[in-house]
Amino acid sequence: MGTDLTKCGLRRGGAHALLVLLLTLVVAGCGGDSDTGGPQEANATDVMYAQMTVEHIRQGLPVLDLAVERGKSPELKAVATELRGQWTAENTTLAGWLAEWDRPAEADPNESIHAGHGALHALRPQDVDDLRAATGAFDQTATALLLGHLHNGMETARMEAKGGAYRPAVDLATRTTTTRQAQIQRLLTLAAGQ
């Protein structure tokens, strides 16, 4: 080339090292955490969404188990089976993010900080006990509990979609909102026919 590298104070090996360094910086800039949504990008909304959704899933799983085991309606069993699979996968993902962010798996129990996006404890142990005790009205009770619980979960997902910073969490919230809306419609149709 027309440039004498030795005049610039660089030998051939130094020029090669500089080129490698520049290429490394360019690649790091194009594929770094800013594009992939690295853990440092999680904000308070992301953390609250993950914590509250993990708790939401924990509370809802016993209702799903009972609906699959004792429900008479094939549609109720189908929705419950679907949800159980989805919640199991979502729970693994959310718990993994919380561990990456070095944040506790449980949300702050102070209910005042959860105003506007669903109660922290939407399903009470008494609700699950009542469902276990239900006889003739089992399907109606399970459907009503699931509708209320899914509605609370939608509020949390909408909060994340609007205020989250961690792209994978925002994407999950957006996807689950669409999925849950369809499941709520199926349960509303079921409730109307009960």
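**Close-up 1. Leu76 and the residues around it in the predicted model.** Skip the neighbours within four places in sequence, and Leu76 is in contact with Ala67, Gly71, Asp139, Ala142, Thr143, Leu146, Leu187 and Leu190. Leu76 is also one of the residues with the most contacts inside the largest nonpolar core, a list that includes Val63, Leu131 and Leu187 too.

**Close-up 2. The largest nonpolar core, with its 24 residues.** Two or more residues each come from α3 (44–70), α4 (74–100), α5 (125–133), α6 (138–163) and α7 (167–193). Which element gives the most to this core? That would be α6, with seven residues. Apart from this core lies another one, made of 17 residues, including Ala50, Met52, Ala107 and Met159.

**Close-up 3. Thr143, a residue of helix α6.** Is Thr143 buried or exposed? Its relative accessible area is 1%, so Thr143 is buried. A polar atom of the Thr143 side chain sits 2.7 Å from the backbone oxygen of Asp139. Leaving out neighbours within four places in sequence, the contacts of Thr143 are Leu76, Leu187, Leu190, Ala191 and Gln194.

**Close-up 4. The salt bridge between Glu55 and Arg58.** Here the two side chains meet with an N to O distance of 2.6 Å. Both residues belong to helix α3 and are three residues apart, about one turn of the helix. As for accessibility, Glu55 counts as buried at 15%, whereas Arg58 counts as exposed at 51%. A search of the whole structure turns up nine salt bridges.

**Close-up 5. Arg158 and Glu155, a salt bridge in helix α6.** The closest N and O atoms of this pair are 3.4 Å apart. About one helical turn separates Arg158 from Glu155, because they are three residues apart in α6. Arg158 is partly exposed, at 33% relative accessibility, and Glu155 is partly exposed as well, at 24%.

**Close-up 6. Arg167 and Asp171, a salt bridge in helix α7.** Their side chains meet at 3.3 Å, N to O. These two are four residues apart in α7, so about one helical turn lies between them. Arg167 has a relative accessible area of 48% and is partly exposed; Asp171, with 31%, is partly exposed too. Elsewhere on the salt-bridge list, Glu75, Glu82 and Arg186 are joined into one network by bridges that share partners.

Conventions. Residues are numbered from 1 along each chain as its sequence is written. This is a predicted model: local features need pLDDT of at least 70, side-chain atom pairs count only at pLDDT 80 or more; totals for chains, interfaces and linings use all residues. Side-chain values use heavy atoms; hydrogens and water are left out. A nonpolar core is a set of buried Ala, Val, Leu, Ile, Met, Phe, Trp, Tyr and Cys residues joined through side-chain atoms within 4.5 Å. Buried means under 20% relative accessible area, exposed over 50%, partly exposed in between (1.4 Å probe, protein chains only). Contact means heavy atoms within 4.5 Å. A polar contact is a pair of N or O atoms within 3.5 Å; within protein, one must be able to donate a hydrogen and the other to accept it, and residues adjacent in sequence count only if both atoms are side-chain atoms. A salt bridge is a side-chain nitrogen of Lys or Arg within 4 Å of a carboxyl oxygen of Asp or Glu.
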